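I opened this model to take notes on its fold. My plan was to go element by element, then pick out single residues.

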Amino acid sequence: MKQSAIISKSEFLLGVVDENKFPVFELPEVAFIGRSNVGKSSLINNIVMRKNLAKTSSAPGKTKEINFFKVENKWLLVDMPGLGYATIGKTHRERWANLNYFYLQNRSNLRFVCVLVDSRHDPMQNDIALIEFLENINKKYLIILTKCDKLSNKSIIERKKQIENIVAYCNNCIEVLPYSSVSNMGRNELIGIIKNNTTNIQRYETHSEDV
């Protein structure tokens, strides 16, 4: 059995709800985004092997700000509000969407984006729209198929092939990665991708900047 990659240090830094209050860091960032209840917080906790670094909930829409987590003093994992949660008010949905898109377009330290898609279902309009947006802004992204422990190996292969066909002519997709926060499927591969796409910058700052 392949040994799990070890993450020895991780910590929550801060959450941001205002696009004019993003902190200045010199560490490279990897963002995680997807529909509400797709498993973003669980996946981040699985990467660092901690149960409650990122707050999870059975109710969708738990993440209401952009949260920054420092890992191994080498890179930041960024947990973004979920897309398309219909039962919250329209004003909140629009505010979260604007915050997300502002971050994705303007964050200079952002190395790539992890687009989380629930492996149990066909990709939805929000998923496709997000991929198109990242292509339009020329941002690298990794598609992560979450909750693969709930599927058979055959179904995982079929879903992976389906998504690969969708992005076949895209320029910025790194790959399509099946993942399970329960079984650790894909964890070592994801950590390897993060290491290969980030630089090792040791110094960081936490003051805010006006954008």
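**Helix α1.** I started with α1 and asked which of its residues are buried. I found K40, S41, L43, I44, N45, N46, I47 and V48 buried. That is eight of the nine residues of the helix, which spans residues 40–48. So α1 is largely enclosed by the rest of the structure. I keep in mind that the model is predicted. I then looked past the end of the helix. M49 follows α1, and its phi is positive, near 60°.

**α1 against α5.** Next I looked up how α1 packs on helix α5, residues 187–196. The angle is about 85°, and the axes are 10 Å apart. An angle from 65 to 115 degrees counts as roughly perpendicular, so α1 is roughly perpendicular to α5. Which residues make the contact? From α1 I noted L43, N46 and I47. From α5 I noted R187, L190 and I191. I sorted the residues of this contact by type: four are nonpolar, one is polar and one is charged. I also checked the spacing of the helix residues against the usual rule. Residues three or four places apart in an α-helix point the same way, because there are 3.6 residues a turn.

**The whole chain.** I stepped back to count elements. The chain has five helices and seven strands. Read from the N terminus, the order is β-β-α-β-β-α-β-α-β-α-β-α. There are 211 residues, and 46% of them are buried. The chain exposes about 10700 Å². Carbon and sulfur atoms supply 46% of that area. I also looked at how far apart in sequence the contacts reach. Taking contacts between residues at least 6 apart, I found that 77% join residues at least 24 apart.

**The sheet.** How are the seven strands ordered in the sheet? I read β1-β3-β4-β2-β5-β6-β7. The sheet is open and its pairing is mixed. The edge strands are β1 (10–16) and β7 (173–178), each of which pairs on one side only. From one strand to the next, the twist averages 20°. Helix α3, residues 125–136, packs on this sheet. I found it touching β2, β5, β6 (141–146) and β7. The direction of α3 makes about 165° with that of β5.

**Strand β2.** I went to β2, residues 29–34, for a closer look. Six of its six residues are buried, so I wrote it down as mostly covered. E29, A31 and I33 point one way from the strand. V30, F32 and G34 point the other way. The residues on both sides are buried.

Then I listed the neighbours of β2. With β4 (residues 75–79) it pairs in the parallel sense, over four bridges. Here F32 stands opposite D79. With β5 (residues 110–118) it also runs parallel, and six bridges join the two. In β5, L110 is the bridge partner of E29, and F112 stands opposite V30.

**T146.** Is T146 buried or exposed? Its relative accessibility is 3%, so it counts as buried. T146 sits in strand β6. I set aside its neighbours within four places in sequence and listed the rest of its contacts. They are V38, L43, L116, V117, D118, S119 and Y179. L43 is a residue I had already met in the contact of α1 with α5.

**S180.** I looked up S180 in the loop between β7 and α5. Its relative accessible area is 0%, so S180 is buried. Outside its neighbours within four places in sequence, S180 is in contact with N46, C148, D149 and M185. N46 also takes part in the contact of α1 with α5.

**N171.** My last stop was the loop between α4 (153–166) and β7, where N171 is found. N171 is exposed, because its relative accessible area is 69% and the cut-off for exposed is over 50%. I then compared its place with that of E135. The two are 36 residues apart along the chain, and their C-alpha atoms are separated by 7.0 Å.

Note on methods: Residues numbered from 1 in each chain as written. Predicted model: local features only at pLDDT ≥ 70, side-chain atom pairs only at ≥ 80, totals over all residues. Heavy atoms only, no water. Buried < 20%, exposed > 50% of the residue type's maximum accessible area, 1.4 Å probe, protein only. Pairing = 2+ DSSP bridges. Axes fitted to C-alpha atoms, helices over the stretch in contact; angles between N-to-C directions. Contact = heavy atoms within 4.5 Å. Areas by Shrake-Rupley, 256 points an atom, 1.4 Å probe, with all protein chains shown as cover. Parallel < 35°, antiparallel > 145°, perpendicular 65-115°, else oblique. Nonpolar A, V, L, I, M, F, W, Y, C, P; charged D, E, K, R; others polar.
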